[in-house]
Amino acid sequence: MEPEDLNSEDFERLARIAHRYYVDRRTQEEIGSEFGLSRPKVQRLLDQARCSGVVDIRIATPPWLSLELESRLREEFQLTDAIVAPRRADPQSQREAVARSAAQFLERRLTDGAVVAVGHGRDTGEMPRFFRPRRRLDCEFVSAMGGSSRVDTPTNPNEICQALAAASGGRSRSLYAPAYVEDADDRERFLQQDAIAQTLGAAARATMALVGIGSVDDGCTMVRSGCLSLAEIARLRDQGAVGDILGNYVDVDGRVIPSPHRNRLIALSIEELQLVETVIAVVSEAEKPLAILGVLRARVVDVLVVDEGNAHALLDRAQQDGRREPIPLDTTFAGRRR
């Protein structure tokens with residue numbers, strides 16, 4: 001069946017040019033010389049061949065890839081990129097699948113001279129197991145948040161930085177401070193220490209950030225690590241919090257929750273994260289669709305690495321809410337993203 005809107009002469013010319021290019025592997029310059037055409041004209045005719053149906057390109061996609069789902073996430077949330085890991089039966093296997101995808105993305109994007117600010121969490125902490133760059137990289141991994149001694153898995157930023165640096169041959173810079181201190185005065189005293197101030201300053205100037213997205217359930221990382229009490233996380237839920245990024249809590253519309261505990265937090269703020277060129281969020285837990293949605297609407301994340309279940313839940317919720325513009329956190333930074 002002939003493509004529509006083409007006469008026989010145009011059809012024949014497009015078919016010959018397309019055959020030279022796609023089957024015979026001739027260059028556009030060689031085709032132009034044969035047909036008496038300029039290279040830009042050959043390019044336009046090849047474009048016409050695809051648009052008219054003379055050329056029908058088919059891509060064999062591995063069954064575990066969700067390219068259409070990734071495209072929908074990029075469009076819906078104005079992301080630079082989205083990576084959807086295949087669905088797995090149990091939480092640990094799902095976390096590993098997401099971490100593997102995130103590690104592979106980081107391997108592709110990381111270059112010499114890069115500075116990567118690193119957050120906390122189980123998903124981020126799983127990445128070093130799968131992070132294996134093909135060559136040694138002159139890069140630095142910097143803790144973007146204080147840690148806690150009360151977690152039994154490698155979820156502290158310092159540990160994650162050290163493991164990523166060891167895998168890449170790069171360097172790590174630790175932040176020797178707790179994620180939360182007793183009060184605002186303690187926080188000020190910590191921030192006045194040169195080592196802490198310099199590390200947070202380096203994280204704020206990073207070219208890339210690698211972060212998790214936390215939930216607000218009683219079993220979340222912040223509660224398990226002892227950073228927040230059950231009463232404090234309950235108050236955050238009452239205030240409308242659905243999730244956090246580096247301990248900064250947001251509601252489902254992406255607005256920061258102005259809670260008192262922010263004055264005790266030693267980490268990059270959302271406003272500082274917004275100034276980092278590429279922020280990569282890695283998340284897998286089934287209880288986190290609203291947390292992810294709130295953080296995405298805060299316009300902090302550029303690249304989302306997520307599991308298939310959360311990806312579908314995000315798009316379903318966005319469709320229910322109707323398309324809307326993200327609510328800016330601060331007009332000072334409103335033009336920063338996209």
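These are my notebook entries on one predicted model, taken a piece at a time.

**Ground rules**

I count residues from 1 along each chain as its sequence is written, and side-chain values use heavy atoms, with hydrogens and water left out. As the model is predicted, local features need pLDDT of at least 70 and side-chain atom pairs count only at pLDDT 80 or more, while totals for chains, interfaces and linings use all residues.

**Whole chain**

I looked up the overall make-up and got 14 helices and 9 strands. Helices (H or I, at least four residues) and strands (E, at least two) are DSSP runs, numbered from the N terminus. The C-alpha trace spans about 80 × 45 × 45 Å along its principal axes. Of the 338 residues, 50% count as buried. For my own memory: buried is under 20% relative accessible area, exposed is over 50%, and partly exposed is in between (1.4 Å probe, protein chains only). I also checked contacts, meaning heavy atoms within 4.5 Å. Among those between residues at least 6 apart in sequence, 72% join residues at least 24 apart.

**The sheet**

In what order do the 7 strands of the open sheet come? I read it as 1-9-8-5-2-3-4, with parallel pairing. Two strands pair if DSSP finds at least two bridges between them. Strand 1 (81–85) and strand 4 (171–173) are the edges, each pairing on one side only. Neighbouring strands are turned by 20° against each other on average, direction ignored. For angles, axes are lines fitted to C-alpha atoms (for helices, over the stretch in contact), and values run from 0 to 180 degrees between N-to-C directions.

Towards one edge, strand 3 (140–143) pairs with strand 4 in the parallel sense over 3 bridges. I found Phe 141 opposite Ser 172 of strand 4.

**Strand 5**

Next I followed strand 5 (208–212). It is mostly covered, with 5 of its 5 residues buried. Met 208, Leu 210 and Gly 212 point one way, Ala 209 and Val 211 the other. Strand 5 runs parallel to strand 2 with 3 bridges between them, and parallel to strand 8 (278–283) with 5 bridges. Met 208 turned up in both pairings: its bridge partner is Val 116 on the strand 2 side and Thr 278 in strand 8.

**Helix 7**

I then turned to helix 7 (157–168), which lies across strands 2, 3, 4 and 5 and runs at about 175° to strand 3. Its 12 residues reach 16 Å from first C-alpha to last, close to the 16 Å expected at 1.5 Å a residue. The expected span is 1.5 Å times one less than the number of residues.

Which residues of helix 7 are buried? I listed Pro 157, Asn 158, Ile 160, Cys 161, Leu 164, Ala 165 and Ser 168. They cover an arc of only 165° around the axis, so they sit on the same side of helix 7. The arc is that of the directions from the helix axis to the C-beta atoms. These buried residues pack against strands 2, 3, 4 and 5 and helix 6 (122–126). Just after helix 7, Gly 169 takes a positive phi of about 80°.

**Helix 14**

Same checks for helix 14 (308–321): its 14 residues should span 20 Å at 1.5 Å a residue, and the end C-alpha atoms are 20 Å apart, which agrees. I found Asn 310, Ala 311, Leu 314, Leu 315 and Ala 318 buried. Their arc is only 130°, which puts them on the same side of the helix. Gln 319 and Gln 320, on the other side, are exposed. The cover over the buried residues includes helix 4 (67–77), strand 1, helix 13 (289–297) and strand 9 (303–307).

At the N-terminal end of helix 14, Asp 307 acts as a cap, with a side-chain oxygen 3.2 Å from the backbone nitrogen of Gly 309. A polar contact is a pair of N or O atoms within 3.5 Å; within protein, one must be able to donate a hydrogen and the other to accept it, and residues adjacent in sequence count only if both atoms are side-chain atoms.

**Lys 288**

Is Lys 288 buried or exposed? Its relative accessible area is 7%, so I put Lys 288 down as buried. Lys 288 sits in the loop between strand 8 and helix 13. A polar atom of its side chain lies 2.6 Å from the backbone oxygen of Ile 213. Among the residues Lys 288 touches are Asp 123, Ser 215 and Asn 310.

Methods:
Lists of a residue's contacts leave out its neighbours within four places in sequence.
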